[in-house]
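Trainee: I am new to this structure and would love a close look at a single part of it. Could you take me through one piece slowly and then show me what surrounds it?

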Amino acid sequence: MTALRGEVDWRDSSYTERQAPVVEEILRAAAARPEVFAERTDQILADGELFRSLAPHSAYPRILMDKFVLHTEPGNGFRIRLHRFKTRLQNGGAEERVHYHKWHCSTVMLRGGYREKQFEIRKTDEAAGEALLHEDLEHSLAEGESNSLPAGRPHQVMNDSDTDPCLTLFVRGPSVMGAARIFDLERGTFYDTFDPDGQLKVGLAAMGRLDPDFH
Ligand SMILES: [Fe+2]
């Protein structure tokens, strides 16, 4: 945690080149000492105030990926999380939509692994809500391997296993863009998403008008 605080520039626009190697080394070092995770989760469970501060940022249960926050750095800083990518039997064969995040992030596989596609944005028409994407990377990450993704780069993660969940240690930086974005590759369209409260407001405003046409 101290290293993530002191050694990383979370707002670096060249995150992948300059910061990701540092972050991934820190994550791999933590992965080599798995006892630290139980230490931290036990600490959270024993401290009601800490638990309540992290719970709103966690998300469980979810269809594709459960997220459990271990630490949030005050002041829009980084967040450390444990993720569980469910098996295909658990998620009913659901597929994550192609999306980008508004923050830089890095991750290391703790148990099992996943496949990831990354995309280049070739063209965007903001007014029309249209985007042309080109898949330019597909790779599989095995246990112990790490990976990073800069803000604004679309990706899609899949756990192809019917039986083995994938557990990862994940860290994201502060937001460096306005919103996350979800793409529909077949239609060539996109829409923006917001934080949980912001999203709820969009839905609530639409529902109040009995308008079912919102994401
Ligand atoms: Fe993602």
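Which residue stands opposite Arg181 in S10?

Mentor: Happy to help! Keep in mind that this is a predicted model. The residue you are asking about is Tyr100, which stands opposite Arg181 in S10. Let us stay with that strand for a while.

Strand S10 covers residues 180-184, and four of its five residues are buried, so the strand is largely enclosed by the rest of the structure. One of its partners is strand S3, made of residues 99-100. S3 and S10 pair in the antiparallel sense, over two bridges. Another partner is strand S11, residues 189-193, which also runs antiparallel to S10 and is joined to it by five bridges. To find your way along that pairing, start at Ala180, whose bridge partner in S11 is Thr193. S10 and S11 form a hairpin with four residues between the strands. In this hairpin, look for Gly188, which takes a positive phi near 70°. As you trace any of these strands, it helps to remember that in a regular strand the side chains alternate between the two faces of the sheet.

Now go back to S3, the partner of S10, because S3 spans residues 99-100 and the iron ion has His99 among its protein donors. The other protein donors are His101 and His155, and each of the three histidines offers its NE2 atom, at 2.0 to 2.1 Å from the iron ion. Along the chain, the donors follow the spacing H-x1-H-x53-H. Within this set, His101 and His155 link distant parts of the chain, being 54 residues apart. His101 sits in the loop between S3 and strand S4 (105-111), whereas His155 belongs to strand S8, residues 155-158. Both His101 and His155 are buried.

S8 also helps us place a charged pair. The side chains of Arg153 and Asp136 meet in a salt bridge, 2.9 Å from N to O. Arg153 lies in the loop between strand S7 (146-149) and S8, and Asp136 lies in strand S6 (residues 130-141), so this pair ties together parts that are 17 residues apart in sequence. Arg153 is partly exposed, with a relative accessible area of 21%, and Asp136 is partly exposed too, at 38%.

The count for the model comes to 14 salt bridges, and two others are worth a visit. The side chains of Arg84 and Asp66 meet at 2.6 Å, N to O. Arg84 is in strand S2 (residues 79-85) and Asp66 in strand S1 (residues 65-72), so the contact ties together parts 18 residues apart in sequence. Asp66 is buried, with a relative accessible area of 0%, while Arg84 counts as partly exposed at 25%. Asp66 and Arg84 are also linked with Lys86 in a network of salt bridges.

For a pair inside one helix, turn to H2, residues 15-31, where Arg28 and Glu24 lie four residues apart, about one turn of the helix. Arg28 forms a salt bridge with Glu24, and their closest N and O atoms are 3.9 Å apart. Here Arg28 counts as partly exposed at 38% relative accessibility, whereas Glu24 counts as buried at 14%.

Definitions and conventions. Residues are numbered from 1 along each chain as its sequence is written. This is a predicted model: local features need pLDDT of at least 70, side-chain atom pairs count only at pLDDT 80 or more; totals for chains, interfaces and linings use all residues. Side-chain values use heavy atoms; hydrogens and water are left out. Buried means under 20% relative accessible area, exposed over 50%, partly exposed in between (1.4 Å probe, protein chains only). Two strands pair if DSSP finds at least two bridges between them. Donors are N, O and S atoms within 2.8 Å of the metal (3.2 Å for Na, K and Ca); water is not among the atoms, so sites may look incomplete. A salt bridge is a side-chain nitrogen of Lys or Arg within 4 Å of a carboxyl oxygen of Asp or Glu.
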